[in-house]
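Open the model in your viewer and keep the selection box at hand. Each stop gives you something to select, then says what is there.

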Amino acid sequence: MFSTQPIGYVRSPYKDTQEIPKGLGAKHEAEGVLEIQAEFAPGLTDIEGFSHLIIIWEFDRSEGFNLVVKPPSDDRSHGVFATRSPRRPNPIGLTVVELLGREGPALHVRGLDMLEGTPILDIKPYLSNIPPERLRRGWLAEAEVHAGMKP
Ligand SMILES: C[S@@+](CC[C@H](N)C(=O)[O-])C[C@H]1O[C@@H](n2cnc3c(N)ncnc32)[C@H](O)[C@@H]1O
């Protein structure tokens, strides 16, 4: 196994997990900056051409894990790997953000759901080629129907 090293840190408006929208229909519109360390900045070359990025990061303020969890979006329990719970065996988060612009090693983005100072492990361009009609949303789709959000 390899050990990880942050390539940068998230500058987020969220200082406390309570401030981050959660549950069904939660919208993640928060803007912030991904500050990439100078030594890794050459790796951002040509990133401006992508509208959305996948950010892989560490749940650095999460301790331990539960294999079965009850997420805020449902009143039923689910396996941790069928959720986005922060309490997982390897505390790795993944967020798709919209790239608003770049100033040198700073990426201005929209769509943050992580805390101020969160370590960034990796960035990749978002390239989904799965047609919407082939996507299945598992228990979340059922919870949305149950909540009257979907027919
Ligand atoms: C449900 S997780 C989803 C994160 C990511 N979109 C994913 O799918 O991996 C988002 C929650 O993680 C928690 N969180 C955010 N940043 C964190 C951090 N640096 N350490 C621990 N927990 C964090 C907050 O409670 C936030 O609402």
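The tour runs from the ligand to a pocket, then to two single residues.

**Before you start**

Keep in mind that this is a predicted model.

**Stop 1: the ligand and its shell**

Select the ligand and the residues around it. There are 18 of them. Which come nearest? Asp-60, Arg-84, Leu-94, Asp-113 and Thr-118 do. Colour the shell by residue class. You should get 7 nonpolar, 5 polar and 6 charged residues.

Now show the strands. S3 (52–58) and S6 (92–103) each put at least two residues into the shell. S6 gives the most, with 3 residues.

**Stop 2: ligand nitrogen atoms**

Stay on the ligand and add distance labels. Three pairs are worth a label, each with a ligand nitrogen at one end:

- Arg-61: a backbone N or O atom, at 3.0 Å from a nitrogen atom of the ligand.
- Leu-115: again a backbone N or O atom, at 3.1 Å from a ligand nitrogen.
- Thr-95: here a side-chain N or O atom, at 3.2 Å from a nitrogen of the ligand.

Switch to a surface view next. Taken on its own, the ligand has 600 Å² of accessible area, and the protein covers 87% of that.

**Stop 3: the second largest pocket**

Select Met-1, Phe-2, Thr-4, Ile-56, Glu-58, Asn-90, Pro-91, Ile-92 and Leu-121. Together they line the second largest pocket. How much space lies in this pocket? About 230 Å³. By class, the lining holds 6 nonpolar residues, 2 polar ones and 1 charged.

**Stop 4: Glu-144**

Go to helix H1, residues 138–146, and pick out Glu-144. Is Glu-144 buried or exposed? Its relative accessibility is 7%, so Glu-144 counts as buried; the cut-off is under 20%. Show side chains here. That of Glu-144 makes a polar contact with the side chain of Lys-150, at 3.1 Å.

**Stop 5: Asp-46**

Move to the loop between strand S2 (30–36) and S3, where Asp-46 sits. Check the backbone torsions. Phi of Asp-46 is near 75°, a positive value in a residue other than glycine. Why flag that sign? Most residues other than glycine have a negative phi. Then check the surface. Asp-46 has a relative accessible area of 59%, so this residue is exposed; exposed starts over 50%.

**Last view**

Finish with two selections side by side. Glu-144 is buried, whereas Asp-46 is exposed.

Terms used. Residues numbered from 1 in each chain as written. Predicted model: local features only at pLDDT ≥ 70, side-chain atom pairs only at ≥ 80, totals over all residues. Heavy atoms only, no water. Near = heavy atom within 4 Å. Polar contact = N/O pair within 3.5 Å; in protein donor to acceptor, adjacent residues only side chain to side chain. Areas by Shrake-Rupley, 256 points an atom, 1.4 Å probe, with all protein chains shown as cover. Helix = DSSP H or I, 4+ residues; strand = E, 2+ residues; numbered from the N terminus. Nonpolar A, V, L, I, M, F, W, Y, C, P; charged D, E, K, R; others polar. 1 Å grid on protein atoms, 1.4 Å probe; cavity = no way out; pocket = protein on both sides within 12 Å on 5 of 7 lines; lining within 4 Å. Points joined across faces, edges and corners; volume = space filled by probe spheres on them. Buried < 20%, exposed > 50% of the residue type's maximum accessible area, 1.4 Å probe, protein only.
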